[in-house]
Amino acid sequence: MNRIGIFLAAICGVLALLAAAFAGAHANHKPPSPSLAAAAPAHLATPKTATAAKPAPDSPDTKEDDDDEGVIRFVKNPEPLPAFLAHDLDGQVVSTAALKGKVVLVNFWATWCPPCREEIPELVKLQAAYKDQLQIIGVSEDEDVPPELVKNFARTMHVNYPILIVSRELEKEFGGIPALPTSFLANKEGGVVQKHVGLFPGEVYDHEIRALLGMQVSEKIETFEDLGQIFLKNAEHATDLPGVDFSGLNPEQKQAALKRMNTDTCTCGCRMTLAQCRINDSACATSRSLAEKIVKQVYGKDSKPAEPAAAPPGTTSE
């Protein structure tokens with residue numbers, strides 16, 4: 001019995017040592033860095049959220065780029081860059097009237113946005129590389145931060161382009177900025193040809209800028225109609241929406257459904273209409289579900305069988 005007891009005690013001791021070793025190894029496993037977690041892919045659900053390190057693969061302005069990396073896409077008939085006149089953090093006047101003849105990149109960002117901070121060094125390199133041919137303008141969304149702190153942050157990051165503090169009027173001119181960073185790219189004639197939401201590699205901007213300056217690029221250049229991908233208001237001209245099946249509707253029903261989707265607001269928190277949300281974030285399950293409900297409602301409302309006509313007085317039905 002004593003031998004058996006000693007044997008069992010030895011086994012228990014070995015098991016205890018193994019348990020302690022396992023616990024120690026588990027405790028040394030560090031959780032992901034908060035900054036890296038913030039930069040991970042995120043749905044554009046709330047206003048001013050730090051967007052994904054890469055935009056959703058099937059978003060309208062990037063889908064074809066993801067399918068074919070050798071393509072640069074610009075708007076076919078670009079709308080003019082919204083006009084503004086403002087003072088930057090150094091008190092210098094920044095005016096769109098003085099930007100004609102240059103490629104312009106208007107970048108909406110914030111000091112608290114990790115992807116924005118990661119993007120700034122790339123923008124600094126681009127401004128230095130293209131100098132007088134390119135003008136980058138940073139629009140800070142730090143409304144509750146003293147301008148001096150934003151200025152100190154920009155100085156620390158060696159920002160070499162003007163930075164403005166956002167205003168409601170300026171945001172409205174650009175159609176609203178539901179997520180950060182968001183950048184608008186305009187050609188030398190002042191037409192906005194592309195918009196990028198989220199963190200993109202510097203090469204994407206570099207190649208687009210080269211194309212707009214008439215420099216040689218290896219990519220094929222294609223054009224597309226702005227149906228809300230650039231300016232949200234243009235979503236009302238879209239005849240189809242990503243992930244929405246209109247095939248069961250006749251033309252009148254489809255028009256009625258699209259009208260509803262351009263009127264009703266998505267409840268995911270983006271503050272866009274359902275049509276705008278579907279176009280700018282086709283991965284949004286909320287707008288997809290609400291759009292499907294509208295299609296069913298329109299189909300059901302307009303597809304009910306007609307009520308049978310009342311029988312003439314004095315007749316009986318068989």
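Begin by selecting helix H8 (residues 251-261) and turning to the side on which Pro251, Glu252, Gln255 and Lys259 are exposed, where exposed means over 50% relative accessible area, buried under 20% and partly exposed in between, with a 1.4 Å probe and protein chains only. Helices (H or I, at least four residues) and strands (E, at least two) are DSSP runs, numbered from the N terminus. The model is a predicted one, in which local features need pLDDT of at least 70 and side-chain atom pairs count only at pLDDT 80 or more, while totals for chains, interfaces and linings use all residues. Residues are numbered from 1 along each chain as its sequence is written, and side-chain values use heavy atoms, with hydrogens and water left out.

**Helix H8, the other side**

Now select Gln253, Ala257, Leu258 and Met261, which are the buried residues of H8. Seen down the helix axis, these buried residues fall within an arc of 135 degrees, so they line one face of H8; the arc is that of the directions from the helix axis to the C-beta atoms. At the N-terminal end, add Asn250, which caps H8 with a side-chain oxygen 3.1 Å from the backbone nitrogen of Glu252. Such a polar contact is a pair of N or O atoms within 3.5 Å; within protein, one must be able to donate a hydrogen and the other to accept it, and residues adjacent in sequence count only if both atoms are side-chain atoms.

**Cysteines**

Next select Cys113 and Cys116, which form a disulfide with their sulfur atoms 2.5 Å apart, the criterion being a pair of cysteine sulfur atoms within 2.5 Å. The structure holds one disulfide. The torsion about the S-S bond of Cys113 and Cys116 is about 75 degrees, so this disulfide is right-handed. Both Cys113 and Cys116 are buried.

Move on to Cys266, whose sulfur is 3.5 Å from the closest cysteine sulfur, that of Cys268, which is too far for a bond. With a relative accessibility of 4%, Cys266 counts as buried. Cys277 is likewise in no disulfide, and the nearest cysteine sulfur, in Cys284, is 3.7 Å away. Cys277 has a relative accessibility of 1% and therefore counts as buried.

**Helix H4 and the residue after it**

Return to Cys116 and extend the selection to the buried residues of H4, among them Pro114, Pro115, Glu119, Ile120, Leu123 and Tyr130. H4 covers residues 114-130, and at 1.5 Å a residue its 17 residues should span 24 Å, which agrees with the 25 Å between its end C-alpha atoms; the expected span is 1.5 Å times one less than the number of residues. Look along the helix for a kink of about 30 degrees at Ile120, shortly before the proline Pro121. This bend is the angle between axes fitted to the seven residues ending at the residue and the seven starting there.

Just after H4, select Lys131, which is not a glycine although its phi is positive, at about 40 degrees. Lys131 is found in the loop between H4 and strand E6 (134-140), and at 58% relative accessibility it counts as exposed. For another positive phi in a residue other than glycine, go to His158, where the value is near 60 degrees. His158 lies in the loop between helix H5 (147-156) and strand E7 (163-165), and its relative accessible area of 61% makes it exposed. Most residues other than glycine have a negative phi, and most peptide bonds are trans.

**The hairpin of E9 and E10**

With peptide bonds in mind, select Leu180 and Pro181: the bond from one to the other is cis, with omega near -10 degrees. Pro181 sits in the loop between strand E8 (179-180) and E9. Strand E9 (residues 182-186) pairs with E10 in the antiparallel sense over five bridges, pairing being assigned if DSSP finds at least two bridges between two strands. Leu185 stands opposite Gln194 in E10. Five residues lie between the two strands of this hairpin, and Gly190 in the turn has a positive phi of about 90 degrees.

Strand E10 (residues 192-197) is mostly covered, with six of its six residues buried. Within E10, select Lys195, which counts as buried at 4% relative accessibility, and follow its side chain to the backbone oxygen of Ile230, which it reaches at 3.2 Å.

**Last stop: Phe108**

Finish in strand E5 (residues 103-109), where Phe108 is found. At 0% relative accessibility, Phe108 counts as buried. Phe108 and Glu171 are 63 residues apart in sequence, and their C-alpha atoms are 9.3 Å apart in space.
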